[in-house]
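Welcome to a short set of exercises with worked solutions. Keep the sequence and the 3D view open beside you, and try each task before you read on.

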Amino acid sequence: MKPKVFIAKPISRQVENYIAEHCEYKIWREEERIPDDILFREIQDVQGLMIPKAKVTESFIKQAPNLKIISHISVGYDTLDTDLMAKHKIIGTHTPYVLDHTVADLIFGLILSSSRRISQLDHYVKDGKWNKLDDPSFLSKDVHHATLGIIGMGRIGEQVAKRAAQGFDMNVLYYNRRPRPEVEEKYGLKRESMEQLLKKSDFVLTMVPLTEETHHLIGARELKQMKEDALLINASRGQVVDEKALIHALKEGIIGGAGLDVFEKEPVDPSNSLLKMDNVVTTPHIGSATAQAREAMALKAAENLVAGVTGGKPKNIVKELKHLG
Ligand code: DGY
């Protein structure tokens, strides 16, 4: 008998066929996020769950006594309670590697759009205000040869560094607990203390996973250390930046602007002051949202799921749960 799994998100025919070869499955086909009550009902007799984000709690686990694996369709897995999963011997997997270039591209989009004010000026053109653009206040900020400070030199940080150094002749600094000499050599990067990076950078990018240590890593003190015209770019997790402190810093001119793909609360509240600021560019957490990357993530998640319910070893078990694999 095939193991039972539940897929909590629409996926392509190709990925569905792959799962169907190995598993008996049910799938949530609606575009909106699956409501908790339906999810709780569907996981009652399954061994595997494939889902973009799972808020795993004791009551969630109680609903699914046969669950062996949660296959997350994302690289970040801050919503998984890995201690709880370890206690119940439930494997958790994620989807690294396949989205690195895609997220790095989006980050460059935010850098370019916030510095060259692309979305703001797009509105000017469309609103028929072209003739007002002679005002020097419309002059924007060069990206090429500027200094980019990357906080967190993982795989995505490395792809951003490559684009910055090799494509835009930028001076690239990074802050990472572990030195990355091979990346330093490859792209001419310099490792700095957090304080020096904040002081020297024209663009500061946060690219760290969300953990207890990185929660509000950038707060009022860090924002004050940045240059007055520096731009903060965040495409990792909203909670890495203290949003209240950021709003204050932007209102008071402590920093120059921001490019944000992520927010402390998502979807962002329409009344959030960040959405009213001309010097803030926003996107709705779409770092990995290209057709190609999302398909590759779904396939990887499906491979992890199938391995987890058929006695194989999933390739991408999150590091905190590797001992269960
Ligand atoms: C990821 O894969 O972690 C992206 O941020 C989407 O959640």
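**Exercise 1: A proline in a loop**

Pro267 sits in the loop that runs between strand 11 (257–260) and strand 12 (280–282). Keep in mind throughout that you are looking at a predicted model.

Task: Find the peptide bond from Glu266 to Pro267 and decide whether it is cis or trans.

Solution: Step one is to go to the loop between strand 11 and strand 12, where Pro267 is found. Step two is to read omega for the bond from Glu266 to Pro267, which is near -5°. The bond is cis.

**Exercise 2: Positive phi outside glycine**

Task: Determine the sign of phi at Tyr97 and at Arg117, and place each residue in its loop.

Solution: Start with Tyr97, which lies in the loop between strand 5 (91–93) and helix 5. Its phi is positive, about 75°, although Tyr97 is not a glycine. Next, move to the loop between helix 5 and helix 6, where you meet Arg117. Here too phi is positive, at about 55°, and Arg117 is not a glycine either.

**Exercise 3: Two helix pairs**

Two packed helices are described by the angle between their axes and the distance between the axes.

Task: How do helix 5 and helix 6 pack, and which residues make the contact?

Solution: First, take the geometry: helix 5 (residues 100–116) and helix 6 (residues 118–126) meet at an angle of about 55°, and their axes are 6 Å apart. That angle makes helix 5 oblique to helix 6. Then list the contact: helix 5 gives Leu112, Ser113 and Arg116, while helix 6 gives Ile118, Ser119 and Leu121. Sorted by class, this contact has 3 nonpolar, 2 polar and 1 charged residues.

Task: Now do the same for helix 1 and helix 12.

Solution: Helix 1 (residues 13–22) packs against helix 12 (residues 291–309) at about 5°, with the axes 9 Å apart. Angles under 35 degrees count as roughly parallel, so helix 1 is roughly parallel to helix 12. From helix 1, the contact uses Gln14, Val15, Tyr18, Ile19 and His22; from helix 12, the partners include Glu295, Ala298, Leu299 and Ala302. The classes here are 8 nonpolar, 2 polar and 2 charged residues.

**Exercise 4: The ligand and its shell**

Task: Which residues surround the ligand, and how much of its accessible area does the protein cover?

Solution: Begin with the shell, made of Ser74, Val75, Gly76, Leu99, Arg237, His285 and Met297. These divide into 3 nonpolar, 3 polar and 1 charged. Next, look at ligand oxygen atoms: one is 2.7 Å from a polar backbone atom of Val75, and one is 2.8 Å from a polar backbone atom of Gly76. For the side chain of Arg237, an N or O atom is 2.9 Å from a ligand oxygen. Finally, the ligand on its own has 230 Å² of accessible area, and the protein covers 84% of it.

Conventions:
Residues are numbered from 1 along each chain as its sequence is written. This is a predicted model: local features need pLDDT of at least 70, side-chain atom pairs count only at pLDDT 80 or more; totals for chains, interfaces and linings use all residues. Side-chain values use heavy atoms; hydrogens and water are left out. Axes are lines fitted to C-alpha atoms, for helices over the stretch in contact, and angles run from 0 to 180 degrees between N-to-C directions. Helices (H or I, at least four residues) and strands (E, at least two) are DSSP runs, numbered from the N terminus. Angles under 35 degrees count as roughly parallel, over 145 as roughly antiparallel, 65 to 115 as roughly perpendicular and the rest as oblique. Contact means heavy atoms within 4.5 Å. Ala, Val, Leu, Ile, Met, Phe, Trp, Tyr, Cys and Pro count as nonpolar, Asp, Glu, Lys and Arg as charged, and the others, Gly among them, as polar. A residue is near a molecule or strand if one of its heavy atoms lies within 4 Å of it. A polar contact is a pair of N or O atoms within 3.5 Å; within protein, one must be able to donate a hydrogen and the other to accept it, and residues adjacent in sequence count only if both atoms are side-chain atoms. Accessible areas come from the Shrake-Rupley method with a 1.4 Å probe; for residues, only the protein chains shown count as cover.
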